[in-house]
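Q: Please take a close look at a single part of this model, the contact between the two domains of the first chain. Please then connect that part to the helices and the neighbouring chain around it.

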Protein chains: 2
Amino acid sequence: MANILERLNITIPIIQAGMAGGITTPELVAAVSNTGALGTIGAGYMHTNKLKEAIQRVKQLTDKPFAVNLFSANLEVFTTDVDEMQALLNKKRKETGIDKQENLVKVNDYLHEKVYLLIKEKVPIVSTAFGALSSVLIERLKENNSILIGMATNVSEAQLLEDMGYDIVVAQGIEAGGHRGTFDIEKYPNGSDIGLIALMQSILDNTSLPVIAAGGIYTRQQLDGLLAMGASGVQMGTRFLLAKEAGTNKTYRRALVKANYQDTVITNVFSGRPARAIKNGFINEIESSGLDVLPFPIQNELTKDLRAAGAEFSISDLQSLWAGQGVGALHKEESVEDIIALFTDKNRMKANLIEHD
Amino acid sequence: MANILERLNITIPIIQAGMAGGITTPELVAAVSNTGALGTIGAGYMHTNKLKEAIQRVKQLTDKPFAVNLFSANLEVFTTDVDEMQALLNKKRKETGIDKQENLVKVNDYLHEKVYLLIKEKVPIVSTAFGALSSVLIERLKENNSILIGMATNVSEAQLLEDMGYDIVVAQGIEAGGHRGTFDIEKYPNGSDIGLIALMQSILDNTSLPVIAAGGIYTRQQLDGLLAMGASGVQMGTRFLLAKEAGTNKTYRRALVKANYQDTVITNVFSGRPARAIKNGFINEIESSGLDVLPFPIQNELTKDLRAAGAEFSISDLQSLWAGQGVGALHKEESVEDIIALFTDKNRMKANLIEHD
């Protein structure tokens, strides 16, 4: 296994997950990278010009490496076939006091534009979810010396990423918050559901890629154990949602602080893709409506304004409160520096890494 | 954390899970204990006289400590209200060529009898699933100097076990094969679903009990990592199903060897309690029938003869093929000695244990 710290040019084997939807402010990303860990801009739904601004702002705030996370799934869609779900959501919009929406969903896919931006901006590390990028995009990024990190939720996905030329794989255990990275949602409608302990071992046994462990991680003890188990590092999302530098809104922060370990579920009601979130009214209501949830990204586009209203009007029951199974342990806001300090007994971590090189 | 090796009087921090249903032959249990790990008689559905025979036979085969595993759930039931499910199963019985059954289910609960047997036989270690034993039984066992190991699938269950006086807790991650140990099935119809990494940390943070990690474990690397993460040992079930000494039937063994990592699901169709098994025809058929599965242990009693016929006639589609998420890694039968040898670099393990004491 290559030493991932050298490879990524970082000093702490922790990656801040590329959470989409306004969480990964340039301040968060830069603060993480400035500690020696790896910050990530979650660019999944971001427009190209917004991503450009974010990258340039991060570069002002840090001279350390950072990553940009993209969705490999095709986001392009144009449909008017959303009647029943839109009718239900319009009822909720009325209750909430926001504008009714028409039966039309149009989403542009800026993936190629964004990849070419990353090349132009010489972003050193690119991570992806929901699949592998096309071979053309992978080739372009490699010519640019970008390191490619792919997310896998089962061993077949990890093998595919290896075959496609990815450099590093994130093993996303069932514990993880937010979207399941699963590639084939028709085959696995709820996402692949392998626990991190079994998933990581299966990927170590069946690929030669360095493995980053993700899902339910929030302590140094877990980091130490995962390194001893053969991980090259860990990726954490939920742990950073309560960082002072994150874009997490107040209602969401309160929900995270209050949540217990058993309060999360896997649901597709927010986006059409399975994702782990804190149980709330929106999930109950859509799931008990009996309506079919529309495929990603249609459902995502349909529910977007309601979720934004939830943030604006402090209604937690309207928001997608993504969180992993470690959420029960999180009780306060902290600075990124304080969070990372909990994980950094550097000599010990380095010793562990060397032992398994 | 107390040193669990001393406490249990064993030399290898591995517990063979107390799998019910004929798997844990005296030969298996004794072979495991003879290596220095801890063998367990799975006495869940066993009649008292059969358990007595098994205990006495194990004692002939080893002078090392062993455990007996009991269900804390009440098994006593008498009902005739099983019409629809019994009709469906009678259709399957006809296809299979076995006798039709009446609409009557009667199960006796030998729990008290069995506990008094364990006391009489001075069984040193007693483990339980599906809840805590009653305070009276716990008191009797403690007077007998039995060590009590309870299984927990969430932090609340672990706290309850601690409050009731249990000595050790098994953290059963969602990865585990067989029955979910979850106490309150009305609250969690699919069982608590926390991944081992998050579950174990939450129990370490919220109880002072030594924690045995369970679920998806099949390599020494995982054992090392879990010890580094604060576990006092690991419990493995699936890994021992292919042991030559186990009572696993041939069709079941073949299914285990063939299964991939993604081939298991959580289902309640066999017993009325959620459990992880390799997907097969029985699961598909009952789940797609639209019938309500009857509660544990009624459903278990109803399906028992069909599952036995599956074993007898080598029909894997009729059996409950319990298996954990590590099953994809298992490809051959081995002796218990060979299995344990994969995990025993004793100095290294002891060093790990001491470091975390």
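A: Two residues are taken to be in contact when their C-beta atoms, placed from the backbone, lie within 7 Å. The model under discussion is predicted. By this criterion, 20 residues of domain 1 of chain A are in contact with 16 residues of domain 2 of chain A. On the domain 1 side, β9 (178-179) and α10 (238-241) of chain A each supply at least two residues. That side comprises eight nonpolar, 10 polar and two charged residues.

The two partners are discontinuous in sequence: domain 1 of chain A takes in 1-74 + 110-245 + 335-357, and domain 2 takes in 76-108 + 249-328. Their centres, taken over C-alpha atoms, are separated by 25 Å.

The element α10 of chain A leads from this contact to helix α2 of chain A, since α10 is among the elements that cover the buried residues of α2(A). The others include β1 (14-16), β2 (39-42), α3, β3 (66-71) and α14 (336-341) of chain A. Helix α2(A) is mostly covered, with eight of its 10 residues buried. These are A:Pro26, A:Leu28, A:Val29, A:Ala30, A:Ala31, A:Val32, A:Ser33 and A:Thr35. Just after the helix, A:Gly36 adopts a positive phi of about 110°.

One of the covering elements, α3, can be described as a helix pair with α2. The axes of α2 (residues 26-35) and α3 (residues 48-61) of chain A come within 9 Å and cross at roughly 40°. Because such an angle is neither under 35 degrees nor within 65 to 115, α2(A) is oblique to α3(A). The crossing of these two helices is right-handed. From α2(A), the contact draws on A:Pro26, A:Glu27, A:Val29 and A:Ala30, and from α3(A) on A:Ala54, A:Arg57, A:Val58 and A:Leu61. By class, these residues divide into six nonpolar, no polar and two charged.

Elsewhere in chain A, helix α7 (residues 155-164) contains A:Asp163. This residue counts as exposed because it has 10 C-beta neighbours inside 10 Å. A:Asp163 lies 31 residues from A:Ala132 in sequence, and their C-alpha atoms are 9.9 Å apart in space.

In chain B, helix α7 (residues 155-164) and helix α8 (residues 196-206) have axes that come within 9 Å and cross at roughly 40°. That angle makes α7(B) oblique to α8(B), and the crossing is right-handed. B:Val155, B:Ala158 and B:Gln159 of α7(B) meet B:Ser202, B:Ile203 and B:Asn206 of α8(B). The residues of this contact comprise three nonpolar, three polar and no charged.

Helix α8 of chain B leads on to the contact between the chains. That contact takes 32 residues from chain B and 32 residues from chain A. On the chain B side, α8 and α9 (220-228) each supply at least two residues. By class, the chain B side has 12 nonpolar, 17 polar and three charged residues.

Methods. Residues are numbered from 1 along each chain as its sequence is written. Chains are lettered from A and ligands numbered from 1 in the order in which they are written. This is a predicted model: local features need pLDDT of at least 70, side-chain atom pairs count only at pLDDT 80 or more; totals for chains, interfaces and linings use all residues. Helices (H or I, at least four residues) and strands (E, at least two) are DSSP runs, numbered from the N terminus. A residue is buried if 20 or more other C-beta atoms lie within 10 Å of its own, exposed if 12 or fewer, and partly exposed in between; C-beta atoms are placed from the backbone. Axes are lines fitted to C-alpha atoms, for helices over the stretch in contact, and angles run from 0 to 180 degrees between N-to-C directions. Angles under 35 degrees count as roughly parallel, over 145 as roughly antiparallel, 65 to 115 as roughly perpendicular and the rest as oblique. A crossing is left-handed if the near helix is turned anticlockwise from the far one by less than a right angle, and right-handed if clockwise. Ala, Val, Leu, Ile, Met, Phe, Trp, Tyr, Cys and Pro count as nonpolar, Asp, Glu, Lys and Arg as charged, and the others, Gly among them, as polar. Domain bounds come from an automatic or database domain assignment.
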